Amino acid sequence: MAELDTLDIVVLAAILLGTVAYFTKGKFWGITKDPYASSFANANGAKAGKTRNIVEKLDESGKNCIIFYGSQTGTAEDYASRLAKEGKSRFGLETMVADLEDYDYDNLDEIPSDKIVMFVLATYGEGEPTDNAVDFYEFIYNDDVSFSSGNEPPLGNLNYVAFGLGNNTYEHYNSMVRNVDKALQKLGASRIGQAGEGDDGAGTMEEDFLAWKDPMWKALQEKMGLEEREAVYEPVFGIVERDGFTKDSPEVYLGEPNKMHLDGSPKGPFNAHNPYIAPIAKSYELFSVKDRNCLHMEVDISGSNLTYQTGDHIAVWPTNPGAEVDRFMNVLDLTHKRDDVISVKALEPTAKVPFPTPTTYDAIVRYHMEICAPVSRQFLATLAAFAPDEEAKAEMTKLGGDKDYFHSKVNIYHFNIARVLETVGKGKKWSNVPFSALIEGITKLQPRYYSISSSSLEQPKMISITAVVEQQYLPGREDPFRGVATNYLLALKEKQNGEPNPAPFGQTYEIMGPRNKYTGIHVPVHVRHSNFKLPSDPTKPIIMIGPGTGVAPFRGFIRERKRQAEHGEEVGKSILFFGCRKESEDFMYADEWKEAKAVLGDKLEIVTAFSRDGPKKVYVQHRLKEKAKEVNELLEKKAYFYVCGDAANMAREVNTVLGQILAEQRGIPETKGEEIVKNMRAANQYQEDVWS
């Protein structure tokens, strides 16, 4: 027998490894590392998350209720955590929260019928699953789905509840929860109670969730024989003072998202868990009016492995404004402890600490907590037990239990948690609130997504952002409600343009980042790929509706077609409907449209609607009607139709107007026009990139 040479051994080893990988689905080495690589966290429960087998996980952790979430912005994850806490405190359920992408699904049929499975599922974009739920959705909705035990019906064992997060301004409203619910029932699973649906488009998500969960718990009690007990707060996290460390200790996280950033050597892939600290190449104002700001910002990604396609989104990781950090610290009596070093450990094995430790109170509040967000009344009810006096306790209980009272006192003013505590406590400090309750009850600070306004063909390593700086004047509120990320970007713009200590509207930010690592004007970012894309055939006509900052992706589209034309390619007709208040104040990129027109000629048409320049308000949907004949002719040539901007009003009206145009121009009933629009959507010929 001939001896094996080195190459033979290498080849055989590779075949063996590949075989093992195939039959084990990579379980032996496909474990996701703790994203924070914190040795302290690993020593306190994070290592329990190794198996991808749901049944094994439930058994080894002693759980009888698992809550899966599909989340894009963190809201569904937050609701899942709230359900877990409530199930534990009210009914003594041993609950765990689970990210759908962390598990396999072929043994859902082995979950014992005395265990409860919950699904909290957001719908993303035009009826799509969130990034972390794609594999689950494709598995459960597949006609050939198969499970490990071969039972009949396959999921006759499964008792589940379901809640969906959607937006009624999209055609496929809450399709994720609807489709999953349908698939589970088809497979024989038993739903307990109604499938709930929250509506972000109507601004009722929180109340929809609260209205769904109470009857759901009642149905669950009856079906599973649960006994309710007096709800008691049981911390999910333990807070450990780290006396041997100071905020200057190199092991202490001061806002860095993971260990690579802490060590000063961040590497890709850069994604939703690992941002790229990108230099800002330039930034300037797009409006010529003093009381409103709109930013154009160019972010350099040449030092990273990030790539983007025209039409994608950029995620900006903001920090909280200093004034709100101080307000939070003060009302919760943490100011004197802000630089104290603590570790946070999970008190039960399936909980995940939402940020790396050891760290400081200041770093947690500034970089990791959504402290500026409007507060939920369920959270206020939780905090009532820790009120500084009986009067404050009674008020918090009323706010938490009375929907209308909560709306009149808190919701209409968009008050955050610190402002509510200041008002209710009448200046008293809330010293009794456990910090663990704040970690559990306040959502993790989330990246904000913006439509990229540059062309990847023209600028593959430079991403443009176009963003109005958000401020809402609310009756009865002394100061306007301000957007966290856009005001942070405004401070960065001011710094870049020569202001040594920027404080837009009196708000300061840690622009230099943790340990001054963002020096030279940097911003943490990652890229999210989108289905909002130009036709693959550049000769196809395109119709774009983009008022205000809804013009952002269309700047990218037009610059792309301009570059294609400069390279000698034939391009189709492009017509952009753009609207703003006044031509002299907020006509964004007016000079650029002229430059593009000089190259594209009659292949580019810009149709404007200046709503406050004339006696009557004129919007893009009015201009669309005026151009009905041309729009119909382009659609008959298979033009692609794009809408970007406000979902609740503009996008909905544009959808209606287009149906009317088709009906009038083609001499068909309006219902038939609506059907054509619906078919265009289904064929991806009508695309939306809209927000509430």
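A residue counts as buried when its relative accessible area is under 20%, and as exposed when that area is over 50%. Keep that in mind as you work through this predicted model.

**Exercise 1.** Find out which residues of helix 19 (residues 590–600) are buried, and where they sit around the axis.

*Solution.* Start with the buried set: Glu592, Trp593, Ala596 and Leu600. These residues span an arc of only 100 degrees around the axis, so they lie on the same side of helix 19. Now flip to the face turned away from that buried side: there you'll meet the exposed residues Asp591, Lys594 and Ala598. Next, look for what covers the buried residues: the cover includes strand 9 (276–285), helix 17 (552–566), strand 20 (574–580) and strand 21 (604–610). Finally, step just past the end of helix 19, where Gly601 has a positive phi of about 60 degrees.

**Exercise 2.** Locate Ser376 and decide: is Ser376 buried or exposed?

*Solution.* First, place Ser376: this residue is in the loop that links helix 10 (361–367) and helix 11 (377–383). Then check the number: relative accessibility is 13%, so Ser376 counts as buried. Now follow the side chain of Ser376, which comes to 3.2 Å from the backbone nitrogen of Phe379. Leaving out residues up to four places away in sequence, Ser376 touches Arg82, Glu206 and Phe406.

**Exercise 3.** Work out how much helix and strand the chain has over residues 65–217.

*Solution.* Begin with the record: an unreviewed UniProt entry puts the feature "domain: Flavodoxin-like" at residues 65–217. Over that stretch, the chain is 32% helix and 24% strand. Last step, check the ends: their C-alpha atoms are 13 Å apart.

Technical notes
Residues are numbered from 1 along each chain as its sequence is written. This is a predicted model: local features need pLDDT of at least 70, side-chain atom pairs count only at pLDDT 80 or more; totals for chains, interfaces and linings use all residues. Side-chain values use heavy atoms; hydrogens and water are left out. UniProt positions are given in the numbering used here, feature names are shortened, and annotations may be inferred rather than shown by experiment. Helices (H or I, at least four residues) and strands (E, at least two) are DSSP runs, numbered from the N terminus. Buried means under 20% relative accessible area, exposed over 50%, partly exposed in between (1.4 Å probe, protein chains only). The arc is that of the directions from the helix axis to the C-beta atoms. Contact means heavy atoms within 4.5 Å. A polar contact is a pair of N or O atoms within 3.5 Å; within protein, one must be able to donate a hydrogen and the other to accept it, and residues adjacent in sequence count only if both atoms are side-chain atoms.
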